[in-house]
Amino acid sequence: MEGVKLTVNKGLSNHFQVNHTVALSTLGESNYHFGATYVGSKQLSPTEAFPVLVGDMDNSGSLNAQVIHQLTGRLRSKVAFQTQQSKFVNWQVDGEYRGGDFTAALTLGNPDILLGSGILVAHYLQSITPSLALGGELVYHRRPGEEGTVISLAGRYTAPNWIGTLTLGQAGAHATYYHRANEQLQVGVEFEASTRLQDTSVAFGYQLELPKGNLVFRGSLDSSWLVGAVLEKKLPPLPLTLALGAFLNHRRDKFHCGFGLTIG
């Protein structure tokens, strides 16, 4: 047994929730995380309300935080930043506009005006038919002594019970396939090829839900022969969820397992 994880969730109101997570490991450092989530009262749908503020801090003082807000009916923004102890590591600003038949997004990451560095990512996706959407992505990065641009073409096909995506560009190719076989079973496949690393990888995953037994199975297998499986079991009437996980790397002949308990 390589680790134990305990998570306690506590709702303080209809809009505010906190959680405590303790992870004990025999392989690495044990840690504690405190998280908080605030959801505003601007209700756009039964499952969406804004603004959303999410934060997570560990015992070393490192912080991850996000602020998501729906500025208008079509424009959504997100600000995210990460600190490592007392130093800023990453921060980015996102903006997404959803038109009647298209989606455009712009992301600015780690901008530094004094050094003239940063990353700019632009996305555009246009619906050709109700099922087919085509678009592209432009990534521009700059830092002292280095500057570059990568352009990719993207496509997505959405059927009643499956979704396929394909991205082709200078950096390589990326394809995904997701299929919902029925109310209980979902499967997915991912393929990625990198021209820079001269490497390809394939991963397969599934999720099986058994509502009557309060069970959820998740499994994965990739081309590096890494096999993983997770079993989650709810324990009603108590607000407890037990998780058991195991991962086996056949190439390195390494096996890891652990369990977790979520309260709330």
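Which residue forms a salt bridge with arginine 143, and how many Å apart are the closest N and O atoms? The partner is glutamate 146, and the closest N and O atoms of the pair are 2.8 Å apart. Please keep in mind while reading that this is a predicted model.

## The chain as a whole

Let's start with the overall picture. The protein chain has 19 strands and zero helices. Its C-alpha trace spans about 50 × 45 × 40 Å along the principal axes.

Of the chain's 264 residues, 17% count as buried. The accessible surface comes to about 17500 Å², and carbon and sulfur atoms account for 62% of that area. If you look at contacts between residues at least 6 apart in sequence, 15% of them join residues at least 24 apart.

## Two domains and their interface

The domain assignment of the chain gives domain 1, covering 1-98, and domain 2, covering 171-263. Measuring from centre to centre on C-alpha atoms, the two lie 23 Å apart.

Where the domains meet, 10 residues of domain 1 are in contact with nine residues of domain 2. Between them the domains bury about 800 Å², with 55% of this area on carbon and sulfur atoms. What about charge pairing here: how many salt bridges are counted between domain 1 and domain 2? The count is zero.

## Salt bridges

Elsewhere there is more to say about charges, since a search of the whole structure finds six salt bridges. One of the pairs is arginine 76 with glutamate 48, whose side chains meet at 3.0 Å, N to O. Arginine 76 lies in strand β6 and glutamate 48 in strand β4 (residues 48-58), so this pair ties together parts that are 28 residues apart in sequence. Glutamate 48 has a relative accessible area of 28%, which makes this residue partly exposed.

Another pair is arginine 218 with glutamate 232, and their side chains also form a salt bridge, at 3.0 Å from N to O. Here arginine 218 belongs to strand β16 (residues 215-222) and glutamate 232 to strand β17 (residues 226-234), so parts 14 residues apart in sequence are tied together. Arginine 218 counts as partly exposed at 32% relative accessibility, and glutamate 232 is partly exposed as well, with a relative accessible area of 25%. As for the pair in the opening question, glutamate 146 counts as partly exposed at 34% relative accessibility.

## A nonpolar patch on the surface

Which residues make the nonpolar surface patch of about 860 Å²? The members are Leu12, Phe16, Tyr38, Leu53, Val67, Val79, Trp91, Val93, Leu106, Leu108 and Leu120. Strands β7 (87-98) and β8 are the elements that give two or more residues to this patch.

Valine 79, one of the patch residues, sits in strand β6 (residues 75-84). Its relative accessible area is 35%, so valine 79 is partly exposed. Patch membership calls for over 30% relative accessible area, and valine 79 meets that cut-off with its 35%.

## Two residues up close

Threonine 103 is a good place to zoom in, and you will find this residue in strand β8 (residues 102-112). Is threonine 103 buried or partly exposed? With a relative accessible area of 28%, threonine 103 is partly exposed. Once neighbours within four places in sequence are set aside, threonine 103 is in contact with Glu96, Tyr97, Arg98, His123, Tyr124 and Leu125. Histidine 123 is 20 residues away along the chain, and the C-alpha atoms of threonine 103 and histidine 123 are separated by 7.9 Å.

Asparagine 64 is the second residue to visit, and its place is in strand β5 (residues 63-70). At 37% relative accessibility, asparagine 64 counts as partly exposed. Which residues are in contact with asparagine 64, leaving aside its neighbours within four places in sequence? They are Val54, Gly55, Asp56, Phe81 and Gln82. Leucine 27 is 37 residues from asparagine 64 along the chain, and the C-alpha atoms of the two are separated by 24 Å.

Note on methods:
Residues are numbered from 1 along each chain as its sequence is written. This is a predicted model: local features need pLDDT of at least 70, side-chain atom pairs count only at pLDDT 80 or more; totals for chains, interfaces and linings use all residues. Side-chain values use heavy atoms; hydrogens and water are left out. Helices (H or I, at least four residues) and strands (E, at least two) are DSSP runs, numbered from the N terminus. Buried means under 20% relative accessible area, exposed over 50%, partly exposed in between (1.4 Å probe, protein chains only). Contact means heavy atoms within 4.5 Å. Patches are made of residues with over 30% relative accessible area and no salt bridge: like charges are joined within 9 Å, nonpolar side chains (Val, Leu, Ile, Met, Phe, Trp, Tyr) within 5 Å. Accessible areas come from the Shrake-Rupley method with a 1.4 Å probe; for residues, only the protein chains shown count as cover. A salt bridge is a side-chain nitrogen of Lys or Arg within 4 Å of a carboxyl oxygen of Asp or Glu. Domain bounds come from an automatic or database domain assignment. Buried area is the accessible area (1.4 Å probe) that two parts lose on being put together, summed over both.
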